[in-house]
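This report describes a protein model together with its bound ligand. Please look over the sequence and the structure before reading on.

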Amino acid sequence: MAKRTSSFACQACGAVYTRWQGRCDACGGWSTIAEESATAPLPGGGSVPRGQRGKGRIFALEGLSGSPEDAPRIASGIAELDRVTGGGFVRGSVILLGGEPGIGKSTLLMQACAAVAGLGHRVVYISGEEAVGQVRLRAERLGLASAAVELAAETNVEDIVATLSQGAPPRLVIIDSIQTMWSEGIESAPGTVTQVRGAAQILIRHAKTSGAAVILVGHVTKDGQIAGPRVVEHMVDAVASFEGDGAHHFRILRAMKNRFGPTDEIGVFEMTGAGLAEVPNPSALFLAGRDSTSPGTAVFAGMEGTRPLLVEFQALVAPTSLGTPRRAVVGWDQNRLSMLIAVLETHAGLKLGAYDVFLNVAGGLRIVEPSADAAAAAALISSLTGAALPADRVYIGEVALTGALRPVSQTSARLKEAAKLGFHSAFLPKAGLDGQGRHDITLEAGGDVTDLVAGIAINTPQKRKAQSADQG
Ligand code: TYD
Ligand code: MG
C-alpha cells in the first residue's frame, strides 16, 4: 500500500514545501504555493504500470556491438532538426520541446514523425490538445496524410504507456503536450506542477525501458511563465526550444541542454503554407532584400552556437520634435542601445541629444551577442552622417564603456561565412586579431569607436560634405 503524502508546491517554479506559505522562497512569487497530495513515488521515481507490480521482469542482456538496425540514433533526415538533436533522436531518450503556443511545435513534430515513419520505424503521436480529426487535418495540409504515423487523442499516462507497450515497441513517441497529461496516482489537476512532473516521470521511465525516443511538448509563454515544463527540464535528456516572431515566418529550433549532442546549436526553418521548410543558409535569408546603398544599415557577422549568422542592423537617426528624444529598438537590447549612444557621445564626439534614434534587426531576429555593438554603432553613425557603408563590409566587435573595441570569439568562422556570402571586407577589433588574415577578406582593425567613426567618414567624404552643407 502506497503511503499518502501531502506537500505544497510552488506553481510557478516547482519548489516544494512541507507547509503552506504566502511567498515562495525560491522564486519570490506571492500566492503561488498550493497544496498537492500525491502517492509517494516509488524508489527510483515513477510508478510501475498495473499488472507488472510485484513481478520481476526478465530482461535481455546484450553485447556492446549491435546490428545496425539497433542504431542508437534515428536521424529524421530533416537536416536542421538533426543538427539540433546532435545527429538524430537517441533511443530511450526524452526531449522536451518548449515554445510559445502557435509557434509551430505540433507542425514540426508531425513532419518529424512522417520522416521517421518513412524510414520504416513505428511512430506514435499522442495528442492531448487536439482531436484526432484536427491532427489529421494538419497532416493533410502538410501533405503527409499517407504517412504511417499512429495517432491517438489521449491524456491519461497509464493508458498511454499500456497502449505503447502493446506490439512492437515504437521508436518515436510524441506527447503533445505534457501540460495536458495526467496520472491516476496523483490527485492534482492536469497542468499543475505535480501532475506535469509525475506524468513526465512515468513517460521517461517508459522511454528508458522500451527504448523509444520520446518527445514531450511543453508550452511556455514569452517570459518563460507557466513554469510547468520547466520543472521537468532537469529530468529529461535534452531540452530544445522553438522560437520565432509571430510577425515573421522564420522559426529557430535551439538546443538548450543535450546529454547526447552539442548545445547552442540552432536549426532554422521557415513557416510556409505547407508546413516548415528548412533554411540551410540562414544568412542569405536574413540578408535577402537588403538595400545596401542607403545610409543606416550595417551587416553584423554573428554566431549562433557553432553556426555563423549574418544579419543586418538598421538605424534611423532623425531630428526630434520632442523634449526627450525617443530611443526605440527591435531585436536588440534597449539598455545596450542607451549605453552605445552614451559611449559614442562621450568618446567619439557624436551629438545625438537632439535626435530620435531607432534601431532594428532585420528579419525579426533577436540578437543577444555583445559583439554586435560595432555593427549597431556603424549603422547609427551611418544614419547620422548620411554616409552609406560599403555594401560588402561586415562589422564585428564589442564596445566597452571606455570606447575601446573588445575582441570577440570565433572570428575565423564569422569571416568565413562573410566571405562565402560575397563580403570583401570586415571591420573588427584590433585586439586579438592574430592570424585571421585568410578568407579573402580585407581586414580593417579598429582600437576604439573613434576608429569606427573615422573609417566611416573616410569612406564617403563627398556624401558627408554634402550632408553637412545641407545642414549648414
Ligand atoms: P502549430 O504547430 O499548431 O503550433 P503549436 O503546436 O506550437 O501550438 O502551428 C500553428 C501555426 O502554424 C498556426 O498559426 C498556423 C501555422 N501553420 C502554417 O502557417 N502552415 C502550416 O502548414 C501549418 C500546419 C500551420
Ligand atoms: Mg500544438
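The model shown here is predicted. The report begins with the ligand and then turns to a residue in a loop and to the nonpolar cores.

**Contacts with the ligand**

A backbone N or O atom of Gly-104 lies 3.0 Å from an oxygen atom of ligand 1. Two further glycines make contacts of this kind: for Gly-102, the separation between a backbone N or O atom and a ligand oxygen atom is 2.7 Å, and for Gly-275, a polar backbone atom is 2.6 Å from an oxygen atom of ligand 1. The table lists these distances.

| Residue | Distance from a polar backbone atom to an oxygen atom of ligand 1 |
|---|---|
| Gly-102 | 2.7 Å |
| Gly-104 | 3.0 Å |
| Gly-275 | 2.6 Å |

On its own, ligand 1 has 560 Å² of accessible area, and the protein covers 75% of this.

**The shell around the ligand**

Around ligand 1 there are 16 residues, of which Gly-102, Lys-105, Ser-106, Thr-107 and Gly-275 come nearest. Sorted by class, this shell has seven polar, five nonpolar and four charged residues. Which elements of secondary structure each supply at least two residues of the shell? They are the helices α2 (105–118) and α3 (132–141) and the strand β13 (266–272). The largest share, three residues, comes from α2.

**A residue in a loop**

Gln-179 is located in the loop between β9 (172–176) and α5 (193–210). Is Gln-179 buried or exposed? Its relative accessible area is 13%, and because burial means a value under 20%, Gln-179 counts as buried. The side chain of Gln-179 also reaches the backbone oxygen of His-219, at 2.9 Å.

**The nonpolar cores**

The largest nonpolar core has 48 residues. Those with the most contacts inside this core are Phe-313, Trp-332, Leu-359, Leu-365, Ile-367, Leu-380 and Tyr-395. Several strands each supply at least two residues of the core, namely β12 (250–258), β13, β15 (297–304), β16 (307–319) and β18 (355–361). The helices α7 (334–347), α8 (373–385) and α10 (449–459) do so as well. The largest share of the core, nine residues, comes from α8. Domain 2 (74–280) and domain 3 (285–470) each contribute at least three residues to this core.

Apart from this core lies another, of 33 residues. Its members include Phe-89, Ala-139, Val-149 and Leu-172.

Strand β13 thus appears in two parts of this account: β13 supplies at least two residues of the shell around ligand 1, and β13 also supplies at least two residues of the largest nonpolar core.

How values were computed
Residues numbered from 1 in each chain as written. Chains lettered and ligands numbered in written order. Predicted model: local features only at pLDDT ≥ 70, side-chain atom pairs only at ≥ 80, totals over all residues. Heavy atoms only, no water. Near = heavy atom within 4 Å. Polar contact = N/O pair within 3.5 Å; in protein donor to acceptor, adjacent residues only side chain to side chain. Areas by Shrake-Rupley, 256 points an atom, 1.4 Å probe, with all protein chains shown as cover. Helix = DSSP H or I, 4+ residues; strand = E, 2+ residues; numbered from the N terminus. Nonpolar A, V, L, I, M, F, W, Y, C, P; charged D, E, K, R; others polar. Buried < 20%, exposed > 50% of the residue type's maximum accessible area, 1.4 Å probe, protein only. Core = buried A, V, L, I, M, F, W, Y, C linked by side-chain atoms within 4.5 Å. Domains from an automatic or database assignment.
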